[in-house]
Structures are given as C-alpha cells and as structure tokens.
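Got the viewer open? Follow along and select things as we go.

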Amino acid sequence: MCESTAYLCKEDGLEKIMENVVYMKPENGKVYLADLLGDQKIVDGEVKEIRLIDHKIIIEEK
C-alpha cells in the first residue's frame, strides 16, 4: 500500500494528525491532506520531511 501517516512536528515531539493519507498538497503556508475514505484536513505549516520508506509525512507547525 502507498498510504502514509502525517505527523505535526512540535517542540515536544511528533503528533500524529492523520493516517492513511493518499493526497497531500502544500500551498500558501498550509498543507492539505486527504485519506482513503475522503476525510480532509488542512494544517497550518510546511512540509519538513517525507520518509517514503517509513510512509511518514512530517509537517512543521507554524
């Protein structure tokens, strides 16, 4: 499977914000996420790192 888990990078560590992410679009200081079931989330931040082998998307909080 190609889904990833999105995490928010905070001062005290990583916080899981969405599982089974199949769509991600960074735009104008926000990151748009959608999962397999069509649930969507918009996060204020920017993509810090994508770990394809680990299926992780790490977003730095603004």
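**Starting at a charged pair**

Select Glu15 to begin: with a relative accessibility of 34%, this residue counts as partly exposed. Keep in mind that what you are looking at is a predicted model.

Now add Lys10 to the selection. The side chains of Lys10 and Glu15 come together in a salt bridge, 2.9 Å from N to O. Lys10 is partly exposed too, with a relative accessible area of 29%.

**From Glu15 across to Ile59**

Keep Glu15 on screen and select Ile59. The two are 44 residues apart in sequence, while their C-alpha atoms lie 9.8 Å apart in space. Ile59 sits in strand 5, which runs through residues 56-61. Is Ile59 buried or exposed? Ile59 is buried, because its relative accessible area is 0%.

**The nonpolar core**

Ile59 is a good way into the next stop. Select Ala6, Leu8, Ile17, Met18, Val21, Val31, Leu33, Val43, Ile57 and Ile59 together: these 10 residues make up the largest nonpolar core. Colour the strands and you can see where the core comes from: strand 1 (4-10), strand 2 (13-27), strand 3 and strand 5 (56-61) each supply at least two of its residues. Which strand gives the largest share? That is strand 2, with three residues. As a general background note, nonpolar side chains in soluble globular proteins tend to be buried together.

**Ile57 and two distant partners in sequence**

Zoom in on another core member, Ile57. Like Ile59, Ile57 lies in strand 5. Ile57 counts as buried because its relative accessible area is 6%, and the cut-off for buried is under 20%.

From Ile57, pick out Tyr32 in strand 3. Tyr32 and Ile57 are 25 residues apart in sequence and 12 Å apart from C-alpha to C-alpha. Tyr32 is partly exposed, at 29% relative accessibility.

Next, go from Ile57 to Lys25. Here the gap is 32 residues in sequence and 11 Å in space, again C-alpha to C-alpha.

**More salt bridges**

Stay on Lys25 and add Glu27. Their side chains meet in a salt bridge, with 2.9 Å between N and O. Both ends are partly exposed: Lys25 has 35% relative accessibility, and Glu27 has a relative accessible area of 33%.

For another one, select Lys16 and Glu19. They form a salt bridge in which the closest N and O atoms are 2.9 Å apart. Lys16 is partly exposed at 46%, and Glu19 is partly exposed at 41%.

How many salt bridges does the structure hold? There are five, including the Lys10 and Glu15 pair where you started.

**Two backbone oddities**

Time to look at the backbone. Select Asn20, which is found in strand 2. Its phi is positive, about 55°, although Asn20 is not a glycine. Why stop for that? Because most residues other than glycine have a negative phi. Asn20 counts as partly exposed, at 38% relative accessibility.

Now jump to His55, in the loop between strand 4 and strand 5. Here too phi is positive in a residue other than glycine, with a value near 60°. The relative accessible area of His55 is 32%, so His55 is partly exposed.

**A lysine over a ring**

Move on to Lys56 and show Tyr7 with it. Lys56 lies over the face of Tyr7, at 5.5 Å from the ring centre. If you feel like hunting for rings that pair with each other, you can skip that: a search of the whole structure finds zero aromatic pairs.

**Last stop: a patch on the surface**

Switch on the surface and select Val22, Tyr23, Leu36 and Leu37. These four form a nonpolar patch there, with about 450 Å² of accessible area together. Focus on Leu37, which lies in the loop between strand 3 (30-35) and strand 4 (40-51). Leu37 is exposed because its relative accessible area is 76%, and exposed means over 50%. For a contrast to end on, flip back to Ile59, which is buried with a relative accessible area of 0%.

Key:
Residues are numbered from 1 along each chain as its sequence is written. This is a predicted model: local features need pLDDT of at least 70, side-chain atom pairs count only at pLDDT 80 or more; totals for chains, interfaces and linings use all residues. Side-chain values use heavy atoms; hydrogens and water are left out. Rings of Phe, Tyr and Trp (its six-membered ring) pair if their centres lie within 6.5 Å; planes under 30 degrees apart count as stacked, over 60 as edge-to-face and the rest as tilted. A charge sits over a ring if NZ of Lys or CZ of Arg is within 6 Å of the ring centre and within 35 degrees of the ring normal. Patches are made of residues with over 30% relative accessible area and no salt bridge: like charges are joined within 9 Å, nonpolar side chains (Val, Leu, Ile, Met, Phe, Trp, Tyr) within 5 Å. Accessible areas come from the Shrake-Rupley method with a 1.4 Å probe; for residues, only the protein chains shown count as cover. Helices (H or I, at least four residues) and strands (E, at least two) are DSSP runs, numbered from the N terminus. Buried means under 20% relative accessible area, exposed over 50%, partly exposed in between (1.4 Å probe, protein chains only). A nonpolar core is a set of buried Ala, Val, Leu, Ile, Met, Phe, Trp, Tyr and Cys residues joined through side-chain atoms within 4.5 Å.
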